[in-house]
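Got your viewer open and a hand on the mouse? Load the model below and we'll walk through it stop by stop.

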Amino acid sequence: MLRAAEPGAAVVVCSTCRFSAAAREEEGGQPGGVLLAETLRAVQTEDPELAGVAVQEMPCLFACKRHCTVHIRAPGKVGYVLGDFAPDREAARAILEYAARHAASDEGVVPYAQWPEGVKGHFITRTPPEGYLCT
């Protein structure tokens, strides 16, 4: 069930996530998660400053009541699950900007004033890194 992934800062995209609250797939038959991962990578090619965060895919993050769900993580840092995104460039840029700030932070905590507008209201959970609890 587990497969190795490169360690480091990453946005893990649920590749089986719905396209929207109302539709599993877009008109071409692609799930929203696949489209979001493709869009994240396209934004990275346009903006090399956002390329330091890996885009990884896995089936099902178990947030099935939400759509286009991602997990932002980095070793030794608090992780976050976010969802309800449109698989478009605006959402992809906001996710990657937040993930880059998360990676640059000491513990994975980005001050609210530094959150891109596009991630506000999308947080589902935060997860402490192994061996720690949040205060």
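The tour goes from the whole chain to the sheet, then the helices, the core and the aromatic rings.

Before you click, know that this is a predicted model: local features need pLDDT of at least 70 and side-chain atom pairs count only at pLDDT 80 or more, while totals for chains, interfaces and linings use all residues. Residues are numbered from 1 along each chain as its sequence is written, and side-chain values use heavy atoms, with hydrogens and water left out.

**Stop 1: the whole chain.** Show it as a cartoon and you'll find two helices and five strands; these are DSSP runs numbered from the N terminus, with helices (H or I) of at least four residues and strands (E) of at least two. Along the sequence they come as β-α-β-β-β-α-β. Turn the chain around and its C-alpha atoms fill a box of roughly 45 × 35 × 30 Å along the principal axes. Colour by burial, and 41% of the 135 residues are buried, where buried means under 20% relative accessible area, exposed over 50% and partly exposed in between (1.4 Å probe, protein chains only).

**Stop 2: the sheet.** Select the strands: the five form an open, mixed sheet in the order S2-S1-S3-S4-S5. Two strands pair if DSSP finds at least two bridges between them. At the edges sit S2 (54–58) and S5, each pairing on one side only. Sight along the sheet to see the twist, which averages 20° from one strand to the next; axes are lines fitted to C-alpha atoms (for helices over the stretch in contact), with angles from 0 to 180 degrees between N-to-C directions. Now zoom in on S3 and S4, which run antiparallel to each other over three bridges. Click histidine 71 and look opposite: there is valine 81 in S4.

**Stop 3: the helices.** Add H1, which lies across S1, S2 and S3 and runs at about 170° to S2. Then add H2: this helix lies across S1, S2, S3, S4 and S5, at about 25° to S3.

**Stop 4: the core.** Which residues of the largest nonpolar core touch the most other members? Select Val11, Val13, Leu40, Val70, Phe85 and Ile95, out of 27 residues in that core. Such a core is a set of buried Ala, Val, Leu, Ile, Met, Phe, Trp, Tyr and Cys residues joined through side-chain atoms within 4.5 Å. H2 gives the most to this core, with seven residues. Centre on leucine 40: leaving aside neighbours within four places in sequence, leucine 40 is in contact (heavy atoms within 4.5 Å) with Val11, Val13, Val55, Ala92, Ile95 and Leu96.

**Stop 5: the rings.** The whole structure holds six aromatic pairs. Rings of Phe, Tyr and Trp (its six-membered ring) pair if their centres lie within 6.5 Å; planes under 30 degrees apart are stacked, over 60 edge-to-face and the rest tilted. Select tyrosine 80 and phenylalanine 123: their centres are 5.6 Å apart and their planes at 90°, so this pair is edge-to-face. Tyrosine 80 is in S4 (79–82) and phenylalanine 123 in S5 (123–127), so the pair ties together parts 43 residues apart in sequence. Tyrosine 80 counts as buried at 10% relative accessibility, whereas phenylalanine 123, at 23%, is partly exposed. Next pick tyrosine 98, which also pairs edge-to-face with phenylalanine 123, at 5.4 Å centre to centre and 75° between the planes. Tyrosine 98 is buried, with a relative accessible area of 1%. To finish, select Tyr80, Tyr98, Tyr112, Trp115 and Phe123 together, which form one aromatic cluster.
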